[in-house]
Amino acid sequence: MTAFRSPAGGRIDRSKPIRFTFDGRQMHGHAGDTLASALLANGVHLVGRSFKYHRPRGILSAGPEEPNALVTIDRGGGRETPNLRATQVELYEGLVARSQNRLPGLRFDIGGINNAFSRFLGAGFYYKTFMGPQALGGAKLWARLFEPAIRRAAGLGRAPAGPDPDRYANRFAHCEVLVIGGGEAGLAEALRRSEDPACRVILCDEQAEFGGWMLVEAPERADEMVKALSARPNVTMLRRSQAFGAYAQNFVAIAQQLTDPLATTDAEAPCERLWQVRAGEVVLASGAIERPLVFPDNDRPGILLAGAAETYLRRYGVLPGRKIVILTACDTAYGAAFALQDAGAEIVAIAETRAAPGAGDIAARALARGIPVLPGTTILGTTGHLRVSSVRLGRIRPDGEAEPSGGFTADTVLMSGGWTPSIHLFSQTKGKLRWEEGLGAYLPALPAPGQAIRVIGAAAGEMPAGMRSPALGALPVAGSPDRVKAFVDFQNDVTARDLRLATREGFRSIEHVKRYTTTGMATDQGKTSNLNSLGIVAAETGRSVPEIGLTTFRAPYTPVTFGLFAGQARGDLFDPVRRTPMHDWAERNGAVFEDVGTWKRAHYFLPRRPVDATASGHAAMHEAVQAECRKVREAVGLFDASTLGKIEFVGPDAAEFLERAYVNPVKGLAVGRCRYALLLNEAGFIIDDGIIARLAQDRFHVTTTTGGAARVFGMFEDYLQTEWPDLKVWQTSVTEHWAVIAVQGPRSREIIADLVEGIELSDAAFPHMAVREGRITGTPCRLFRVSFTGELGYEINIPAGLALPLWEKLAERAAEFGGGPYGTEAMHVLRAEKGYIIVAQDTDGTMTPEDMGLGWAIGKKKPDFIGKRGLMRPDLTASGRKQLVGLVAEDRSRVLEEGAQIVPDILAPAGSHAIGHVTSAYSSAALGHGIALAVIEDGRNRIGQLLHIPMERETIAVRVVEPVFLDPEGARLHG
Amino acid sequence: MLLIRCPWCGMDRPEIEFRHAGAAHITRPGPPDRVSDEEWAAFLYLRDNPKGRVAERWRHVHGCGRFFNAVRDTVTDVFVVTYKAGEPRPPETGPGESQPTEARP
């Protein structure tokens, strides 16, 4: 039996002892304990150090509102969770808990020195001290010196460094009624509503057991109600489930703890589940939270809320202390006093802040039990380093001050400032609140439009008179209230003095006071402090509480793990991955992949991984890319172009639509012919390019860039549906239907010739920019004579499921001819040698066709197309626009850096206007030197000029050249 | 998460099935040679940003794929009405009439 465990009573299972450690110290508790109740049973009140002053702190509450008792729970193997409220952590065998915010230990903490200087650490201290004028180095000193030091010293738990090994689940649910809160009101509502078997009811409660306060006062009744509910198939009961966010249209997010800490848990099973519930009606039965009283030194370990003490005694069989002083502003503390006295504790006195104590005969009953009741009395101060040891009392005078009136030794102080309805979730849905003077609290008034939310029970203010207290704010003190530390917000270490200081410095709105003092901004969101803060600001500024306003309640009600939101979307499941039919072949043949959108594309091939350990990855890649380029220029290369976006247009108006969509003339395109096409936005800028191929009078096969496919398809859909709905044309995305094998190089015709049926391949019958339908190795295909390399080349479109055997056959043949596969890097080099642009690499969303030297593509006679009017804007026709050019460094071996800025003057000072920048830069195997594409103001008129690229350590001289480096006549295309 | 009624499907569906597509009832001026620079600039870039009811385009992109219009209150996020693309804005959904709220700093 642990020291403070009562001999009988409570909901714990005394037959099941449980071992746990706190800061390495071995202790015992029982099944049914929380970490907080087990610690108290072992006589431990000191559980943490406060945020700012590092003051010793104890357990204040018995629920989710706990501001002090935040601990790190280490379940081993990287399963470490900081900042958990000990009042909510269920005890399990072997639990490892650590206190936080202390160095080196809880009993002696270096940070405690802050407490000695606390007079200088008031509201706004950091702003005033470290944000000095720039001239004094204020901001710089802050960023470099003070902030890192302060951040190290401040903060509570530490985030674990490793990846989270736990799994998290997600579920959507629908119901007629969602009841939030499983106390008496919530259970009764769930019972009433679920009488109709067609009414699906979900009931959730944050605790391991339903019953709420009934578990303290009438556990048998709770058990009966839970039993009745459990028997109903239309009721879903979620324990350990915190409704943390309430959103528009009755949508509620619930965090459910899944691992029953007492059972052996499967490491693979999810530990938490995010419920997203859409309800016909939300019933909020979230109860009420007891308010602390604001008196000097009210934060010592051993000072706790009266209701919490009663909970620990009656629900967990734990005495929080043996010699108890009570300070109260309402009647419920008497219940705690009587129960504790019955359990053997000495109730030294009940100090009543009210002049006339209690309703009915409650004070008389206390007196009859031999408990002194002291009306009009407050606490002027407490002593005790790591635990309260005595209190000094004071009589409240009519002038609002207090005078000393003796004192007591005590190991525990219980306080009760009345009860605050928990309206957080109602407020999150933007429901209107009203101020209830007699309760010293806000109550739900009117749900926001579209919300079916009803608040019942204590959350709606339905509380017996004994729970009500209008008192808010700080209690009277003897002498200057600025000489004492009376805490309002325990978690953020905000005192009544800080709030008064803020109002004296001119802050009026509670929103500003909150941000300046940080009151209510800790992870507990001010559950125990907000109303006392309002009371102090109201008193100080001589206004009523509603005049000051109320800060906004936001989700989450209690902190939620990141893992819960991430759910299954992590690792391989973070984002969908698209692979082409040739992916596995590429992988087997040494492909190094790159991500292009969600696609995996072969970047380059390393058939034999470099054995020379000294060869860097970069050198190996360079060598591979150079070899791939040479194969294409000298023999034949195979390229997997399956990721290209492909759209099929069908219908009598297909040509008309494409004519309006692309800059090019399309209506005149002959069947069997292709055209390189540019797509603009209405502003006149290039957003995509591709090939338009006419398969029949009313049928087109159009390609887009890999990354632009979905966007372009969506844009066309928009024009088809809303701009030109009269056009008879249908578009279908066939990106995944067709795999595309590009066969490029002087020997490309040779390797496909005997595989193709029904298509005459001669240059005359099937010229450059032609398309035919036929068969290849017996499979239907669309064969394009197109080239993105400047070589004779074909793109074979073949149904994706049938592509791999063809690829394998072609790869075999290519190897016989001295060719092979090439990746996207070689593709980039080959196209840059020809000056072919890549949209979004050589263009940046402000480039016109003319800028790119592609003005020839525009159908000049067309009355309209997307972007035509945009191209006529004065800025787009002005001279001096950036134009695509080629660059070669004077040191020709040099490969420039993409993105490098270009200036005309070798001595251009830093900050000079750059006339352009490098968009593409490679080492060209065919030319034996570095090449680059760039966009430069008035670039075409600068051909031949020497320009300069200032880099970090040097300035590189470059010569402007034509953007086509290789075969400008195009002889190689027409082999 | 909001529920949005797709006027083509005739069903309330969750917000994640939809994609916002900008202001509604913007007419593309033309033909190009009859449109002034100012007119075209207004078409490209100038949009109202009222507090209260706005008409905007949405697409049921993960559903029927179709575009439609909606009148939404930018203060309360309430969808007042949704209607098919090409239909006029219902006259009773005129601008303004948003619920007043306290200014929040």
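**Exercise 1. Find how many bridges join β47(A) to β48(A), and place the two strands in their sheet.**

Step 1. Strand β48 (residues 955-961) of chain A is joined to β47(A) by five bridges, and the two run antiparallel. Strands here are DSSP runs of E with at least two residues, helices are runs of H or I with at least four residues, and both are numbered from the N terminus. Two strands pair if DSSP finds at least two bridges between them.

Step 2. The connection between β47(A) and β48(A) is a hairpin through four residues. Across this pair, A:R959 in β48(A) stands opposite A:L946.

Step 3. The open sheet holds six strands in the order β44-β45-β46-β43-β48-β47 (chain A), with antiparallel pairing. Its edge strands, each pairing on one side only, are β44 (901-902) and β47 (946-950) of chain A.

Step 4. At the β44(A) edge, two bridges link β44(A) in the antiparallel sense to strand β45 (residues 916-924) of chain A. There A:I902 has A:G916 in β45(A) as its bridge partner.

The model is predicted: local features need pLDDT of at least 70, side-chain atom pairs count only at pLDDT 80 or more, and totals for chains, interfaces and linings use all residues. Residues are numbered from 1 along each chain as its sequence is written, while chains are lettered from A and ligands numbered from 1 in the order in which they are written.

**Exercise 2. Check the length of helix α20 of chain A against its expected span.**

Step 1. The expected span is 1.5 Å times one less than the number of residues.

Step 2. Helix α20 (residues 709-723) of chain A has 15 residues, so it should span 21 Å at 1.5 Å a residue. Its end C-alpha atoms are 20 Å apart, which agrees.

Step 3. Buried residues in α20(A) are A:A709, A:V712, A:F716 and A:T722. A residue is buried if 20 or more other C-beta atoms, placed from the backbone, lie within 10 Å of its own.

**Exercise 3. Which residues have the most contacts inside the largest nonpolar core?**

Step 1. A nonpolar core is a set of buried Ala, Val, Leu, Ile, Met, Phe, Trp, Tyr and Cys residues joined through C-beta atoms within 7 Å.

Step 2. The largest core has 156 residues, and A:L178 and A:I326 have the most contacts inside it. Strand β13 (residues 272-284) of chain A gives the most to this core, seven residues. Another core, of 101 residues, lies apart from it and includes A:A586 and A:L947.

Step 3. Leaving out residues up to four places away in sequence, A:I326 touches A:A306, A:A333, A:A337, A:I347, A:I350, A:A351 and A:L414. Contact is defined by C-beta atoms, placed from the backbone, that lie within 7 Å.

**Exercise 4. Describe chain B and its side that touches chain A.**

Step 1. Chain B has one helix and six strands, in the order β-β-β-α-β-β-β from the N terminus on.

Step 2. Of its 105 residues, 17% count as buried. Among contacts in chain B with a separation of 6 or more, 52% come from residues 24 or more positions apart.

Step 3. In the interface, 23 residues of chain B are in contact with 26 residues of chain A. Helix α1 (residues 37-45) of chain B supplies the largest share of the chain B side, three residues.

Step 4. That side divides into 13 nonpolar, five polar and five charged residues. Ala, Val, Leu, Ile, Met, Phe, Trp, Tyr, Cys and Pro count as nonpolar, Asp, Glu, Lys and Arg as charged, and the others, Gly among them, as polar.

Conventions: A residue is buried if 20 or more other C-beta atoms lie within 10 Å of its own, exposed if 12 or fewer, and partly exposed in between; C-beta atoms are placed from the backbone. Two residues are in contact if their C-beta atoms, placed from the backbone, lie within 7 Å.
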